[in-house]
Amino acid sequence: MKITLAHGSGGKSTADLISSVFAKHFSNPILNMMEDSAVVDGSSRIAVTTDSFVVTPLIFKGGDIGRLSVCGTVNDLLMRGAVPKYITAAFIIEEGADTETLEIIAKSMAKTAAEADIDIICGDTKVIEGNGGIYINTTGVGFVKESTDIVSTNLREGDAVIVSGNMGDHHAAILSARMNIENNIKSDNAPLGEMVRAMLKNGIELHCMRDVTRGGLGTVLNELAKASNVNIEIIEENIPVDDDVRSFAKILGLDILHMGNEGKLVAIMPTEQAQKALEIIRKCRYGENAQIIGEVRHGSGVTLITPIGGKRQVNVLYGEGLPRIC
């Protein structure tokens, strides 16, 4: 069945779409009440984030826009040390979209929410004129302990910098799909709750965490260096990159430091805790390729140490690296 403007009318067609696709896969006691708003348990401190997902293509190797929308929102909450609890899902669907594709996305979204231990508690659907596109907006809510203070201004000289895995996977997967290039590269879109919870449970003093998404590692580290007024020095040979992604980037002239990811984080903590943190992350799902890549120093900006011992300044991404990777 193809989506028509009638599916956004608020009438029977809308109700049929909601019941046959969304309610079927997102079912839980809170959502099933179908009220105008969801009433849920709260806490003294909450983390809230919102994001919109407009990736092309909708389904790609290793994931789809549904999984991506949950992972992106959950990971944003986790980077503040929050425990993700609730998520909303608003769909903007262009006329001509296929309900089979929509159901694949909804099913994937529900499966990812279950993996991330977060409930989809409310949502919205709008249908507009167009050519079959699907866009998702999500808002996430999580609870934060009073003692947790993980922010970008916390970096201190001597801190260690860890990345949780290979850089550039998602960027390379999306570009490969658009260019019809056959390879084994898959998106890394994943919820990172297990490794974050494990570090906090084991007493790692996390000064800051960030998920490495649009703009890549170089942009994220520059934002952190600026926020804390420090220099971050990273060692090029220590940055983990899949061999296929490295070759792909070299052929197309892409800079690994500015390629986006959707299932990797940067964690910064005291140097004396770095090895313990690394071992914890590597034991967690999605963290087997984690590496210590550098440290925080006096100064400003981001400096890359090359394999021959040279230094170069790493800047933020300028311009549009690749449209619609998330």
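User: Which residue in strand 11 is the bridge partner of Ile-162?

Analyst: Ile-162 has Ile-292 as its bridge partner in strand 11. A strand here is a DSSP run of E with at least two residues, numbered from the N terminus. Please keep in mind that this is a predicted model: local features need pLDDT of at least 70, side-chain atom pairs count only at pLDDT 80 or more, and totals for chains, interfaces and linings use all residues. Residues are numbered from 1 along each chain as its sequence is written, and side-chain values use heavy atoms, leaving out hydrogens and water.

User: What makes strand 7 and strand 11 a pair?

Analyst: Two strands pair if DSSP finds at least two bridges between them. Strand 7 and strand 11 (residues 291–297) have 4 bridges, so they qualify, and the sense is antiparallel. Strand 7 also pairs with strand 10 (residues 265–269), again antiparallel over 4 bridges. There, Val-163 has Val-266 as its bridge partner.

User: How do you know that both faces of strand 7 are covered?

Analyst: Look at its side chains. In a regular strand they alternate between the two faces of the sheet. Ala-160 and Ile-162 on one side, and Val-161 and Val-163 on the other, are all buried. Buried means under 20% relative accessible area, exposed means over 50%, and partly exposed lies in between (1.4 Å probe, protein chains only).

User: Why is Gly-158 called partly exposed?

Analyst: Its relative accessible area is 32%, which falls between the two cut-offs, so the label fits. Gly-158 sits in the loop between strand 6 and strand 7 (160–163). Leaving aside neighbours within four places in sequence, Gly-158 is in contact (heavy atoms within 4.5 Å) with Thr-271 and Val-296.

User: Why is the pair of Tyr-86 and Phe-143 called edge-to-face?

Analyst: Rings of Phe, Tyr and Trp (its six-membered ring) pair if their centres lie within 6.5 Å; planes under 30 degrees apart are stacked, over 60 edge-to-face, and the rest tilted. By this rule there are 3 aromatic pairs. For Tyr-86 and Phe-143, the centres are 6.4 Å apart and the planes make 75 degrees, so both tests are met. Tyr-86 belongs to strand 4 (residues 83–94) and Phe-143 to strand 6 (residues 134–143), so the pair ties together parts 57 residues apart in sequence. Tyr-86 and Phe-143 are both buried.

User: What makes strand 1 and strand 5 edge strands?

Analyst: Four strands form an open sheet with mixed pairing, in the order 1-6-4-5. Strand 1 (46–53) and strand 5 (119–128) each pair on one side only.
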